[in-house]
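Work through the exercises below with the sequence and the structure beside you, and try each task before reading its solution.

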Amino acid sequence: MRFWQRQLASIVVVAATGVGAAGAQDRLAIRVGAYLDADGKRIENAVLIISKGRIEDIGSELSIPTGVDVLDRRDAVLGPGLVDAHVAMGAMGRTRDAANAAEPNADAAALFNPNHEDFARAVKSGVTTVVLAPSEQQFVGGVTAVVKTGGAIAKRKLGAGPLKLSLTSSAFTLSRTPTSLEGAFAELRSMIAAAKDDTKDDSAFAKWARGDSAAYVEINDDAGLTALAEFAREQGVRCVIVHGNLAAERLDASKRFGDGFILGTYEFSDPRRYTRTPAILAEAGLPVALTSNAPRFSTDWLRIGAAIAMRQGLSRSDALKSISSTPATIAGVPKRVGALARGMDADFVVYSGDPLDLRSRILEVFINGERVYVADEPPAKPEDDDA
Amino acid sequence: MMITNLANQRGVFGVRRMWTLALAMAAFVTASSAMADDATPILIRAKKIYLSPERVVSPGAILVRDGKIDRIDETIEIADEVRVVNLEAATITAGLIDANTNAGYRFGYHDAEHASECIPEMRVLDTIDLESNDFRRLAQAGVTTVYVSPDSASVIGAQGTIVRTAGPVEARVVQETAGVKATLGREPIFKASFNRTPSQFGTSFLTRRPTTRMGLVWVFRKSFHDAQTFARGETPGTRGEGSPSDAAIPNLIRILNNEIPFRIQARSQLDILTAIRLSHEFNLKFVLEEGTDAYRCIDELKADNIPVIYGPIFDYPIGFRAGTGESDRFRYSAPAELVNAGVTLALSAGDITGEGALPMQAGYAMRLGLTREQALAAVTTIPAGLLNISDLAGSLDAGRAADLVVWSGEPFEATTRAEMVFINGRLVSDRTVKKGS
Amino acid sequence: MRPLGLIFRGGGKSATFLGGLAPNEVVGLSGKVSTPRMRRTLIQAFTILAVCAVVGPADTARGQDRKGPGPVVISGGTIWTGADSGVIDHGVLVLRKGKISRVGEANRPTPPAPGIETIDATGKYVTPGLIDAWTMLGIDPGGSIGAAASQNAADALDVFATDVFSDARSAGVTSLCVEPPAGSGVVGTAIVVRLADLNDLRSTTTESTSLVARLGLGVRGPISRLGEIKGLHDAFEQAAAYRESWDDYREKLEEYEKKLKDGETVKLKKDEEKKEEKAAPRRRGPAPRGRGRRRGPRPRPSNFASMSDSEILAWLADTHVPGEDPLEDEKHSEDETPTAPDQKKPEKGDGDKKDGDKKDKKEGDELSKPERPAYDADQEIIVRALKRELPVRFEAHRPGDIAFALKIIDEFHLDATIIGATGAYRAAERVAEAGVPVVFGQLTGAGGFDRSHTADFDAQAPAALAADGVSTIVIGSGRKGGNAGSQYLTQNAAIAVGRGLDEDAAMRAITIDAAKVCGVADTLGSLEKGKLADVVIWSGHPLAPDSVVERVYVGGVEVYRRAGN
C-alpha cells in the first residue's frame with residue numbers, strides 16, 4: 001500500500017501548506033503561466049485578480065496591487081470553470097410524475113440538494129456550473145435551474161434557466177396523456193394559445209409561448225427534428241435541441257434551431273456518426289453546447305467529449321466554448337459564468353497544461369474565488385532502489 | 001470441381017449484385033450533382049408523353065427550363081445550351097400521386113395518439129419525418145406527391161397531410177390539413193392497445209368504448225351528434241365519458257360543413273355499408289379508403305357517387321389486415337370492376353413503401369382488367385382531383401412547375417423503371433447519367 | 001509460447017485462413033471451417049468488397065501489388081520508436097518489402113529516386129501502428145450462454161464490418177486483440193487482428209492467441225461470487241486432471257505396446273524403465289504442429305484400404321467426432337507413423353487405439369489395453385494454457401477478484417495478464433510481486449449509479465500501478481468501447497498521462513507493451529529494423545488534443561491518408 005501511504009502523506013502536506021482561499025479574504029491575485037480567454041485564445045504570463053468572488057481583472061501585463069495575497073501558479077494554465085448544459089444531479093430517477101405529463105410550473109430548483117455527492121464529483125471534473133433539468137419522462141417538465149456545484153451554499157443558485165420540454169419516446173406512456181408526439185403537439189398548441197391570450201402571465205411557459213425565450217427540447221437523436229422545426233415556425237417559438245446527436249444528418253431542419261444544440265454524452269464508444277455532429281453544426285454557425293448527462297455518466301465526459309469532438313474537426317475555440325460560454329449563454333447566465341473575463345464570477349480551473357489536452361491534470365478548482373478542490377499529488381515514479 | 005461450380009454460380013450473383021450496387025451509387029451520386037446545376041435547361045426526347053391519360057403527344061419532347069415546363073411538343077429544336085436526353089423508348093407522365101400512404105410515419109405508442117377515440121384536432125404532420133427513407137424510395141420510384149394518412153387506432157383520427165416526396169424540407173408540404181380519417185372495423189378497438197372494459201385492475205383512459213363494432217358506431221355518432229348540437233348553438237345533454245373533447249368539436253363541425261375532406265377507412269362489406277349509412281345520417285361527404293370489399297357494394301357506392309382510394313393490392317393479407325379478417329375476400333379484379341361500373345377510383349400502395357410500390361399497384365390492376373390509360377388516371381389525375389391539387393400535379397402542361405417522371409418504357413410494366421424524376425421543378429432522381437460520364 | 005508473428009502471412013487468401021492451425025484445433029473445430037457454405041460466403045464477400053473498391057471507399061490499399069509494396073522513405077519527423085533508440089528528433093524510417101529496413105537519424109536528405117516514395121515528415125510525429133490490446137471491435141455483441149473454452153473470437157468476428165475497422169485504422173490503430181463477447185468464467189480464446197487489407201482480414205488474423213477467463217462480471221452463470229470463483233478454479237483443476245488422465249493413458253499405452261512387442265519376458269526391465277520415465281520432467285514447450293492440411297476438396301473415403309496412412313490420418317483430422325472411431329473395423333497397416341512420444345497428442349489417440357484394438361483381437365486376453373479417456377475440446381484448450389503454450393487473460397476488476405486471479409495464476413503456473421484491473425491499484429503490490437502485465441480499459445469514471453464491477457474506478461490506477469513497480473502497463477479500449485472504442489485509444493492513453501502516468505509509458509501502453517501482452521512483440525509494436533512496417537504519421541504528438549492521423553501504413557502499404565495530405 002505504498003501508493004496509498006504516499007497519497008495520504010501528500011494530502012496532509014497540501015492541507016498544511018495550502019494558501020487560504022479568497023472566500024475568507026477580499027482580494028487575491030493569482031499569477032499563472034497562461035489562461036484561456038473567452039475565445040479559447042491562450043494568454044501567456046497572466047495575472048488574475050479576484051475580489052469578492054468576482055474577477056476584478058485578468059490580463060497578461062497586470063500589476064498586482066500591494067497588500068494582496070499572491071498565489072503563484074506560474075507552471076499552470078487557467079481555464080474557465082466548465083458548465084454542463086443539461087444534468088439531473090442529485091435527482092436522478094425521482095422526477096417523473098405518474099399522473100401529469102405536463103407540469104409547466106414545476107421548478108427543478110426544488111429538487112436541488114447541494115450536499116449530494118454528485119456535485120462533489122462534478123467539482124473534481126472541473127465542472128463548476130450545471131443546469132439542472134427536469135426528467136425526459138415529463139413532456140413539459142418545467143423550469144430548469146442553474147446552480148453551482150460547490151462553494152458557499154448560499155451562493156449556489158444562480159437562478160432559473162429555460163423551460164424544459166421532452167419529445168422523447170420515454171415522455172409518452174399509455175398511463176397518462178398525451179400518449180404520442182401527435183398528441184403532444186396538439187396539447188402544446190392549445191397550451192400556447194391559452195398562454196398567448198393571457199398577456200399578464202409571466203411564467204416561463206408563457207414567455208416561451210410568446211417567443212421571448214427559448215426552451216430546452218429533448219428529442220431522441222434525430223426523430224422529430226423536422227416536425228419540431230415545422231411546429232416552431234408555425235407557432236413562432238424558439239427551441240434549444242437537447243440530445244440531437246444525429247442532427248447533422250438533418251442539417252436543413254437543424255439550421256432552423258438558431259438557439260443552439262446540447263449534444264452528448266460523447267463517449268469512447270460512439271461511432272463517428274454521432275461524434276462529428278458538433279463539428280458540422282458549429283461549421284453551420286449553430287451554437288453547440290456539450291453535456292455529460294450526469295449523473296448517468298461521469299462529468300469527466302464533458303471535457304473528454306470536447307476532446308472527442310475536436311478530433312472530429314471542432315475548432316479549439318468552439319470546443320472550449322461548447323463546455324463553458326455557450327451552455328452559459330443558452331442557460332441565460334452569460335454575464336456570470338462560462339468565461340474568464342472582468343466582472344464574471346471567479347469560477348476557474350487550474351490545469352497542469354492546456355485545458356483541452358487530456359494529458360493535463362486538474363490541479364485546483366475555484367468557485368466564487370473560493371478554492372473547492374485540490375488534486376492529490378500524482379503517484380511518484382517507480383523508485384530505483386526496487387531494482 | 002465442386003468449388004469451381006460454386007464459385008461460378010456465386011460469381012453470377014456477384015456480378016449482378018455489383019451492378020445493382022454500382023447503379024444505386026451512381027444514381028445517388030448523380031442525383032445530388034444534377035440538382036446542383038438546376039440552371040441548365042433539360043430537353044428530354046421520348047417516345048410518348050402523356051399530358052394526361054387522355055392527351056398523348058407521340059413522339060414527344062419536353063423542355064424544362066428554370067424548373068418549369070417550358071414547352072411540350074412532338075419535336076423541339078432549340079439553339080441555346082441545353083442538356084439533351086434522348087430516350088427513344090421512354091414515356092413521360094406526370095408524377096404519380098398516392099392518395100393514402102403512411103410514409104415517414106411510424107406507428108406505435110409514441111407517434112399515434114391513443115388517449116382518445118376522437119382526435120381530429122391533431123395533425124399527422126407533427127409526427128412525420130420528412131427526411132425519412134420512405135420518401136426517398138417513393139421519389140425514386142416516380143411517386144412525387146403523397147397524402148400521409150394518420151394511424152387507424154382512433155375512431156375519428158387525426159388530420160392527414162399532403163407532402164412532396166423530395167426537395168428542400170421547407171417546400172415539401174403542399175397542404176397541412178388535407179383530410180380527416182375515420183376508421184370502421186376492428187382497428188380502433190384493438191390497434192396498439194386494447195380498449196378495456198372496467199375490471200378489478202382499475203381504470204385508465206383505455207377503459208372506454210369501443211370494444212365492439214357497435215360501440216365504434218356509437219362513438220362515431222356521439223362525436224358528430226355533439227358537434228351538430230354545438231353547431232346549432234346548443235349544448236348536448238350528456239357531456240362526459242365518450243364525448244368528443246372541446247378541442248375536437250370545431251374540427252368536427254368543419255367536417256360536417258365539408259370544409260375538411262373526410263375519409264372513412266373500411267374494408268369489409270359490412271363496414272362499407274355502415275360508412276354509407278352513417279354518411280346519410282350526418283349528411284357527410286366522404287372518400288372510401290382501402291375498400292377491399294368495395295366490389296360488393298358497387299351499386300351503393302355509385303348511388304352516392306363515393307370515390308374509392310383502393311389498395312393496396314396484395315397477394316394475401318398480412319399484418320393487421322390478416323388479423324382482422326377484413327381482407328379475406330380480396331380480389332385482384334376489384335379495381336377493374338369498380339372502374340368499369342363507373343366508380344371513381346384511385347389506386348394506393350397504402351403502407352407499402354418499398355420501391356416501385358405504386359407503379360406496381362397500377363401494374364397489378366392492369367393485369368386484371370384496367371387499361372393503361374385507366375391505370376394511369378388512377379395514379380395521377382384522379383388522386384389529384386380527390387386531393388384538390390389538380391392545378392399542381394397529376395397532369396402536364398407548359399408553364400407549370402416540372403413534376404414528372406421519365407419512364408424507361410411503357411409505364412407500369414414490370415421491366416420499366418423511373419429514369420428521371422422531377423418534383424416541383426427539381427430533378428431529384430436521375431439514372432440516365434452513369435458514373436464517370 | 002509459439003512465435004505468433006509468423007502467423008501473419010502477407011497476401012494469403014481467405015481459403016487458407018486456418019491452414020496453420022495446430023492439429024488439436026483442427027479436430028476441435030472441424031466442421032466449422034472450410035465448408036462449402038463458408039467458401040460461398042467468402043466469395044460473395046470478395047465480390048461485394050471488390051465493388052466497394054471500385055466505387056471508392058475513403059481508404060483502400062493503394063499501389064500494392066502482390067509482390068509487396070514499393071519502398072517508402074519517411075524522413076524529417078520525430079520518430080517515437082518504442083525501442084532502444086527511444087525518440088529520434090530528426091529521423092528517417094525506411095519501409096521495404098513490408099518491413100522496416102532502417103530507423104535512424106536523418107543525417108542527409110534522402111535523394112528522390114524512381115520507384116521510392118519519399119515523405120517529408122518534418123514537424124510531424126511517426127509512431128508504430130497502435131495496438132489495441134483489449135477490444136471487442138467487430139464482434140457480434142450477443143451474449144454467450146454456456147461460455148466454453150473452445151469458443152474462438154475469430155468465429156464471432158464480423159470481417160465485413162469494414163467501416164468499423166477502417167475507423168479504428170484511420171485513428172492510428174493497426175492491430176487489435178479481440179476478445180470473445182460477454183460471458184463469465186472461461187469464455188474462449190482471443191485473437192489478434194492486424195488491419196492490413198480490410199477486404200481480406202482473415203489472412204491477417206491469428207489463431208487463438210490467449211485464453212480468456214473472466215471473474216466478477218456476473219453476466220450469467222453462478223449467481224454468487226463464491227460459486228463463480230469455485231467454478232473458475234474448478235475449470236483449471238479439471239483441465240489439470242484431464243491432462244493427467246491423458247498423460248497417464250499415454251504412458252500405459254506405451255507400456256502396453258512394449259509388452260505386446262517384447263512379450264512378458266522383458267517385464268522386469270520395462271518396469272525399471274517406466275520408473276525412470278516417471279522421474280523425468282514432464283515435457284514442456286511448443287506442441288508439434290501437425291502436417292499441413294491438404295488443400296482442395298477431400299475425397300470421401302469409400303475404401304480405406306486404398307488410402308495411404310497419411311491420407312487416412314489427414315481425413316481423420318477433418319472428420320473426427322470425439323467419441324467415435326471411424327477406423328474401428330478397418331484394416332490398418334502396422335507401421336503407424338506417430339511413434340515418438342512427443343507426437344502422441346490426444347487427437348492422435350484414435351490411431352493409437354486402432355492399433356490397440358486390432359492387436360487386442362490378435363493377441364488374446366492376457367494383456368488389457370488401457371482405456372482411452374474421452375476427448376474434450378474445451379479441456380484441450382485449457383490444457384494448452386496449463387502447459388504455458390497459451391497465455392491466459394484474466395479479466396478481473398475488484399481487488400478481491402484480482403487477488404483470486406493471482407492465486408490461480410500462481411497455483412497453476414500460468415502465463416497470465418490481468419485485464420480490466422479497475423481496482424488493481426488497491427492491490428498494486430501483489431500485482432507487482434506476481435509480475436503480471438496489466439491491461440486497462442477506458443480510464444473514465446462511472447456515472448453516479450454505477451454499482452457494478454467498475455465502481456472502484458480511479459483514473460490514477462495506471463500511474464499508481466507503475467509507481468508500485470508493475471512493469472508492463474497496457475491501455476486498451478476495453479469492454480465499454482463496444483464497436484467503436486479503438487478509435488479513441490490515444491485519448492484514453494492521454495487521460496492516463498493526465499493522472500500521472502509517464503508520457504513515454506502511456507505511449508508504450510498502446511504500442512510495444514500492448515504487443516507484448518498480445519504475443520506479437522517480435523513483429524509489431526515498435527519501429528525496429530526487421531519488424532513489420534506498421535507505421536502511423538501524426539500531425540503532432542499522438543496524445544495531443546488536436547493531432548490527427550495523416551497517414552497509416554500497414555505492412556509498408558499506405559492504407560489511410562487524410563484528405564488534403
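Two strands count as paired if DSSP finds at least two bridges between them. The model used throughout is a predicted one.

**Exercise 1. Bridges in chain C**

Task: Find which residue of β16(C) is the bridge partner of Pro128(C), and describe how the two strands pair.

Solution: Begin with the strands themselves, which are β7 (residues 125–128) and β16 (residues 535–538) of chain C, and note that they pair in the antiparallel sense over four bridges. Within this pairing, Pro128(C) has Val535(C) as its bridge partner. Next, place the pair in its sheet, which is open, has six strands in the order β3-β2-β7-β16-β17-β18 (chain C), and shows mixed pairing. Finally, look at the ends of that order, where the edge strands β3 (87–88) and β18 of chain C each pair on one side only.

**Exercise 2. A helix and its cover**

Task: Decide whether helix α4 (residues 162–169) of chain C is largely enclosed or left open, and state what covers its buried residues.

Solution: A residue is buried if 20 or more other C-beta atoms lie within 10 Å of its own. By this test six of the eight residues of α4(C) are buried, so the helix is largely enclosed by the rest of the structure. The buried residues are Thr162(C), Val164(C), Phe165(C), Ser166(C), Ala168(C) and Arg169(C). Their cover includes β9 (173–178), β17 (549–554) and β18 (557–561) of chain C.

**Exercise 3. An edge strand in chain A**

Task: Work out which strands stand at the edges of the eight-stranded sheet of chain A, and examine β5(A) more carefully.

Solution: Write down the order of this open sheet, β5-β6-β7-β8-β9-β10-β11-β12 (chain A), whose pairing is mixed. The edges are held by β5 (82–87) and β12 (288–290) of chain A, each of which has a single partner strand, so one side of each is left without a neighbour in the sheet. On average, neighbouring strands of this sheet are turned by 30 degrees against each other, direction ignored.

Now turn to β5(A), which pairs with β6 (residues 127–132) of chain A in the parallel sense over four bridges. Here Leu82(A) stands opposite Val127(A), and Asp84(A) has Val130(A) as its bridge partner. Although β5(A) is an edge strand, six of its six residues are buried, so it is largely enclosed by the rest of the structure.

**Exercise 4. Two helices in chain B**

Task: Describe how helices α10 and α11 of chain B pack, and which residues make the contact.

Solution: Start with the geometry: α10 (residues 357–367) and α11 (residues 372–379) of chain B pack at an angle of about 145 degrees, with their axes 9 Å apart, and their crossing is right-handed. From α10(B) the contact takes Leu358(B), Ala362(B), Ala365(B) and Met366(B), while α11(B) brings Arg372(B), Ala375(B), Ala378(B) and Val379(B). Sorted by class, these are seven nonpolar, no polar and one charged residues.

**Exercise 5. Confidence in chain A**

Task: Find where in chain A the confidence is lowest and where it is highest.

Solution: For chain A as a whole, the mean pLDDT is 88, and 91% of the residues reach 70 or more. Going element by element, confidence is lowest in helix α1 (residues 2–17) of chain A, with a mean of 45, and highest in β12(A), at 97. Over residues 7–24 of chain A the pLDDT stays under 50, and for this stretch the model has 19 contacts beyond four places in sequence.

Notes: Residues are numbered from 1 along each chain as its sequence is written. Chains are lettered from A and ligands numbered from 1 in the order in which they are written. This is a predicted model: local features need pLDDT of at least 70, side-chain atom pairs count only at pLDDT 80 or more; totals for chains, interfaces and linings use all residues. Axes are lines fitted to C-alpha atoms, for helices over the stretch in contact, and angles run from 0 to 180 degrees between N-to-C directions. A crossing is left-handed if the near helix is turned anticlockwise from the far one by less than a right angle, and right-handed if clockwise. Two residues are in contact if their C-beta atoms, placed from the backbone, lie within 7 Å. Ala, Val, Leu, Ile, Met, Phe, Trp, Tyr, Cys and Pro count as nonpolar, Asp, Glu, Lys and Arg as charged, and the others, Gly among them, as polar. pLDDT is the predictor's confidence in each residue, from 0 to 100. A residue is buried if 20 or more other C-beta atoms lie within 10 Å of its own, exposed if 12 or fewer, and partly exposed in between; C-beta atoms are placed from the backbone.
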